[in-house]
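Visitor: I have a structure open in front of me and I would like to learn how to read it. Could you walk me through it, step by step?

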Amino acid sequence: MIENKIIFTGPVGVGKTTAIAALSDDPPIQTDASASDMTAVRKGYTTVAMDYGVIRLDENTKIHLYGTPGQERFDFMWGILSKGSMGLILLLDNTRANPLKDLQFFLDSFRDLLDDAPVVVGVTKLDLQNQPGVEVYQQYLAKHGLNVPVFEVDARNEDDVKQLVMAMLYSIDPGLEG
Ligand SMILES: Nc1nc2c(ncn2[C@@H]2O[C@H](COP(=O)(O)OP(=O)(O)OP(=O)(O)O)[C@@H](O)[C@H]2O)c(=O)[nH]1
Ligand SMILES: [Mg+2]
């Protein structure tokens, strides 16, 4: 049995919990609590510990999906969840004030993991805010010497988020097919 662990991270409300729910073959495990602070202005619930879901690619391959809390006050979970992870899926919310700053912030926060694991970027909510476009993120990453795939995704759409997972698996093992 091959077991892979992938982490989803990104800012509050980007769609981590939604994406894992869209992907998981089993009912996902969520630790959402009603948001009592500024987050409540944007949405009612926020993850306080983790999300968990699982994909069975075939009878020999399982992918465990872990989502981090977005709020920085729960950032102690980020390192815990990163342990043993094969890679990072970083979601960025195009409606936030400065999503490129968010990109840099999360690259810095997960630097230890990214020393030896790949990252794939998904940009959500382009339907609500179409600037910056995906190519702006690609240029930013290229300027920093990072060759990272960037996709437009809607976290509610299973095919969109599956594309991120497949790109991640391909980064880990370019020999992989299908
Ligand atoms: N319009 C639009 N809405 C989206 C898109 N992607 C996600 N959403 C919505 O954005 C919200 C994301 O909420 P969550 O999945 O709870 O976000 P989260 O990243 O888990 O947030 P925290 O746990 O608080 O860090 C949901 O209401 C989704 O329906 C998108 O591409 N377009
Ligand atoms: Mg969440």
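Guide: Gladly! Let's begin with the surroundings of ligand 1: helix H1 gives the most to this shell, with three residues. Keep in mind as we go that this is a predicted model.

Visitor: Which elements each supply at least two residues of the shell around ligand 1?

Guide: Helix H1, residues 16-23, and strand S3, residues 45-58, each do so. In total, 20 residues surround ligand 1, and the closest are Lys16, Thr17, Thr18, Thr46 and Asp127. Sorted by class, the shell contains six nonpolar, eight polar and six charged residues.

Visitor: How do I read individual contacts to ligand 1?

Guide: Look for pairs of N or O atoms within 3.5 Å. Here, the side chain of lysine 43 has an N or O atom 2.8 Å from an oxygen atom of ligand 1. With lysine 125 the backbone takes part: one of its polar atoms is 3.0 Å from an oxygen atom of ligand 1. Arginine 156 places a polar side-chain atom 3.3 Å from a nitrogen atom of the ligand.

Visitor: How much of the accessible area of ligand 1 does the protein cover?

Guide: On its own, ligand 1 has 670 Å² of accessible area, and the protein covers 84% of that.

Visitor: What coordinates the magnesium ion?

Guide: Find ligand 2, which is the magnesium ion: Thr17 and Thr47 coordinate it through their OG1 atoms, at 2.0 Å. This pair links distant parts of the chain, with threonine 17 in helix H1 and threonine 47 in strand S3, 30 residues apart.

Visitor: Are those two threonines buried or exposed?

Guide: A residue counts as buried when its relative accessible area is under 20%. Threonine 17 has 17% relative accessibility, so it counts as buried. Threonine 47, at 5%, counts as buried too.

Visitor: How should I look at the strands?

Guide: A general idea helps here: in a regular strand, side chains alternate between the two faces of the sheet. Now find strand S4, residues 61-67. Seven bridges join S4 to strand S1, residues 2-9, and these two run parallel. As an example, glutamate 3 has lysine 62 in S4 as its bridge partner. Strand S3 is also joined to S4 by seven bridges, but this pair runs antiparallel. There, aspartate 51 stands opposite glycine 67. S3 and S4 form a hairpin, with two residues between them.

Visitor: Why is S4 described as largely enclosed?

Guide: Because six of its seven residues are buried, strand S4 is largely enclosed by the rest of the structure.

Terms used
Residues are numbered from 1 along each chain as its sequence is written. Chains are lettered from A and ligands numbered from 1 in the order in which they are written. This is a predicted model: local features need pLDDT of at least 70, side-chain atom pairs count only at pLDDT 80 or more; totals for chains, interfaces and linings use all residues. Side-chain values use heavy atoms; hydrogens and water are left out. A residue is near a molecule or strand if one of its heavy atoms lies within 4 Å of it. A polar contact is a pair of N or O atoms within 3.5 Å; within protein, one must be able to donate a hydrogen and the other to accept it, and residues adjacent in sequence count only if both atoms are side-chain atoms. Accessible areas come from the Shrake-Rupley method with a 1.4 Å probe; for residues, only the protein chains shown count as cover. Helices (H or I, at least four residues) and strands (E, at least two) are DSSP runs, numbered from the N terminus. Ala, Val, Leu, Ile, Met, Phe, Trp, Tyr, Cys and Pro count as nonpolar, Asp, Glu, Lys and Arg as charged, and the others, Gly among them, as polar. Buried means under 20% relative accessible area, exposed over 50%, partly exposed in between (1.4 Å probe, protein chains only). Two strands pair if DSSP finds at least two bridges between them. Donors are N, O and S atoms within 2.8 Å of the metal (3.2 Å for Na, K and Ca); water is not among the atoms, so sites may look incomplete.
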